[in-house]
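Reader: Please take a close look at the salt bridges here. Tell me how each partner sits with respect to the surface, then move on to the pocket and the surface patch.

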Amino acid sequence: METQMLRAAIDQLKNKGYLQVCNVEVDPKFELGAVLKCFKNEVPIMFSKVKGNKMPVAGALFGNREIYYEMLGMKHEERIYRMMDAIANPKATKFLAKGAVMENIITRNIDIPKMFPIPTFHEEDSSSYITSGIVVVKDPETGKRHISVRRLQVNGGNEISILIASPLATKQFLQMEEQNKPLEVAILLGYDYSLLLASQVSSEVYGVDKYEVDSALRGEALELVKCHSVDLEVPAYGEIVLEGIMPPHRRKDEGPFGELMGYYGGVAPHPVVEIKTVMHRNDPIFQTAFPCREEHLSNGLIREIELYTAVKNLVDVKDVNVTVSGGCRFHAFVSIHKRQEGDGKSAILGALASSKDVKHVVVVDDDVDIFSPDDIEWAIATRMQASKDLVIVPGALGSGLEPSHSLSGITDKVGIDATKPIGELGKRFERAVIPGYEKIDISKYFQGENYR
Ligand SMILES: Cc1cc2nc3c(=O)[nH]c(=O)nc-3n(C[C@H](O)[C@H](O)[C@H](O)COP(=O)(O)O)c2cc1C
């Protein structure tokens, strides 16, 4: 039985009752994205009728934390250790001579906008965008595989532009460009929860083969096949693979594009990919992701590992939350078992230093639910005094991907220590408790339709 990639994931989502199906025709220009956004990109939706193309589109598959854990078969409390374990103990992949993704191989007349129902999301976007493609390349020096998600601007015909922010991944292209040679690329659409998470592991921090991290995470070897026209491997059960090259010394304007935090990213010249071959399954499903909400959850889940480790080195940390509303990178909530005065400040230092992107952090005690904004606000309201609990670091290195600072990438960082004092003083901060509240079965008090 097929257990890997999008189709298997969609079957599972259906069986669990998480998949919403839209049978009304939607326009890929603005309308499809608007529907995804109405559900905050948290409800997986299959669009069966998309204007101008027969191919169905699946979106918002990866935007809900709890669904994400469930689809990976892990509990919230064990997520960080499970992911750390997969990174520390990657497992071998398996090669197949043939795979479902090879059912159709097209090498002529490739016209990307005609072949696929590619959405345009925001008013000022430069074009339609492939927002969820996993880009596969090989390091020209070491032969090591590299996978990551990059946004892809559709330029027309067989050409797309690619935005690569990561310095290590850009290096592969620049190395080939120095030798005046193209870099081979494969772009995969139609993957699953495990592969997306593995793709978000940073090569700079961990230097691992992300396909092997995926094998460890899914608990079975990831099944791969060779591409048709490039020397790269892709998952055997993917939906669509675009194979091509990034030619040296070619740049095209990319953007504007409505992206992180709901702002438009500017226009800049970026490398292009010329697509030479398209492989796809029979009756393929096109996969999309509304920018930039659902996609960053997987990225944030990996960031939580780094945050947790950095704080754990200093204090007894209970849990961490790199929040979705903070773009899964700018805001961190941390709960600690406070052992001594000063632990709150140490946790702030660890969290702010864990990544240049963490801009604001709130540290709370272990009786506060860091996944509840109400609880965080309650802790700030009642356990924080600005004159002693606010830490401001002016002019630190930060992310260039938000517009609030004048010098791109230089940002103030802020920590809020909303922990209560320990010892006698801490007793004033105990929460009022209703005995038995946690165990109450509320439906018992309301009969039939009265209860919802
Ligand atoms: C849906 C989605 C879209 C993304 N878009 C981009 C992008 O356009 N450019 C980019 O450099 N990174 C993008 N990222 C982030 C990278 O995929 C991510 O940082 C990855 O870990 C990079 O791997 P690397 O550090 O090994 O290069 C995106 C992530 C997701 C999940």
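Author: Start with the terms for exposure. A residue is buried under 20% relative accessible area, exposed over 50%, and partly exposed in between. Keep in mind that this is a predicted model.

Take lysine 338 and glutamate 341. Their side chains meet in a salt bridge, at 3.1 Å from N to O. Glutamate 341 has 47% relative accessibility, so it counts as partly exposed. Lysine 338 has 15%, so it counts as buried. The bridge therefore joins a buried lysine to a partly exposed glutamate.

Next, arginine 383 and aspartate 367. They form a salt bridge, with the closest N and O atoms 2.9 Å apart. This pair links distant parts of the chain. Arginine 383 belongs to helix H12, residues 373-383. Aspartate 367 sits in the loop between strand E22 (360-365) and H12. The two are 16 residues apart. How accessible is arginine 383? Its value is 5%, so arginine 383 counts as buried. Aspartate 367 has a relative accessible area of 28%, which means partly exposed.

Salt bridges can also share partners. One network formed this way joins Lys138, Arg145, Asp209, Glu212, Lys226, Asp231 and Glu233.

Now glutamate 223 and lysine 94. Here the closest N and O atoms of the salt bridge are 3.5 Å apart. Again the pair ties distant parts of the chain, 129 residues apart. Glutamate 223 is in strand E12, residues 223-226. Lysine 94 is in strand E4, residues 94-95. Glutamate 223 has 17% relative accessibility and counts as buried, because the cut-off is under 20%. Lysine 94, at 42%, counts as partly exposed. In this pair the acid is the buried partner, and the base is partly exposed.

How many salt bridges are there? The count comes to 40.

Turn to the pocket. The largest pocket holds about 1400 Å³ of space. Its lining has 47 residues, and the closest to the centre are Arg150, Ala165, Ser166, Arg303 and Arg329. Several elements each give two or more residues to this lining. The strands are E8 (145-149) and E18 (268-280). The helices are H6 (167-178), H7 (193-199), H8 (203-206) and H10 (294-312). H10 gives the largest share, seven residues. By class, the lining has 16 nonpolar, 19 polar and twelve charged residues.

Last, the surface. A nonpolar patch there is formed by Ile434, Tyr437, Ile440, Ile442, Tyr445 and Phe446. Together they have about 630 Å² of accessible area. Look at one member, tyrosine 445. It lies in the segment after strand E24 (410-418). With 47% relative accessibility, tyrosine 445 counts as partly exposed. Patches take residues with over 30% relative accessible area, so tyrosine 445 at 47% meets that cut-off.

One more position, glycine 395. It is in strand E23, residues 390-397. Its relative accessible area is 47%, so glycine 395 is partly exposed. From glycine 395 to leucine 260 is 22 Å, C-alpha to C-alpha. In sequence these two residues are 135 apart.

Notes
Residues are numbered from 1 along each chain as its sequence is written. This is a predicted model: local features need pLDDT of at least 70, side-chain atom pairs count only at pLDDT 80 or more; totals for chains, interfaces and linings use all residues. Side-chain values use heavy atoms; hydrogens and water are left out. Patches are made of residues with over 30% relative accessible area and no salt bridge: like charges are joined within 9 Å, nonpolar side chains (Val, Leu, Ile, Met, Phe, Trp, Tyr) within 5 Å. Accessible areas come from the Shrake-Rupley method with a 1.4 Å probe; for residues, only the protein chains shown count as cover. A salt bridge is a side-chain nitrogen of Lys or Arg within 4 Å of a carboxyl oxygen of Asp or Glu. Helices (H or I, at least four residues) and strands (E, at least two) are DSSP runs, numbered from the N terminus. Buried means under 20% relative accessible area, exposed over 50%, partly exposed in between (1.4 Å probe, protein chains only). On a 1 Å grid over the protein atoms alone, a cavity is a set of points where a 1.4 Å probe fits but cannot get out, and a pocket is an open set with protein on both sides within 12 Å along at least five of seven lines; lining residues have an atom within 4 Å of a point. Grid points are joined across faces, edges and corners, and a volume is the space filled by probe spheres set on the points. Ala, Val, Leu, Ile, Met, Phe, Trp, Tyr, Cys and Pro count as nonpolar, Asp, Glu, Lys and Arg as charged, and the others, Gly among them, as polar.
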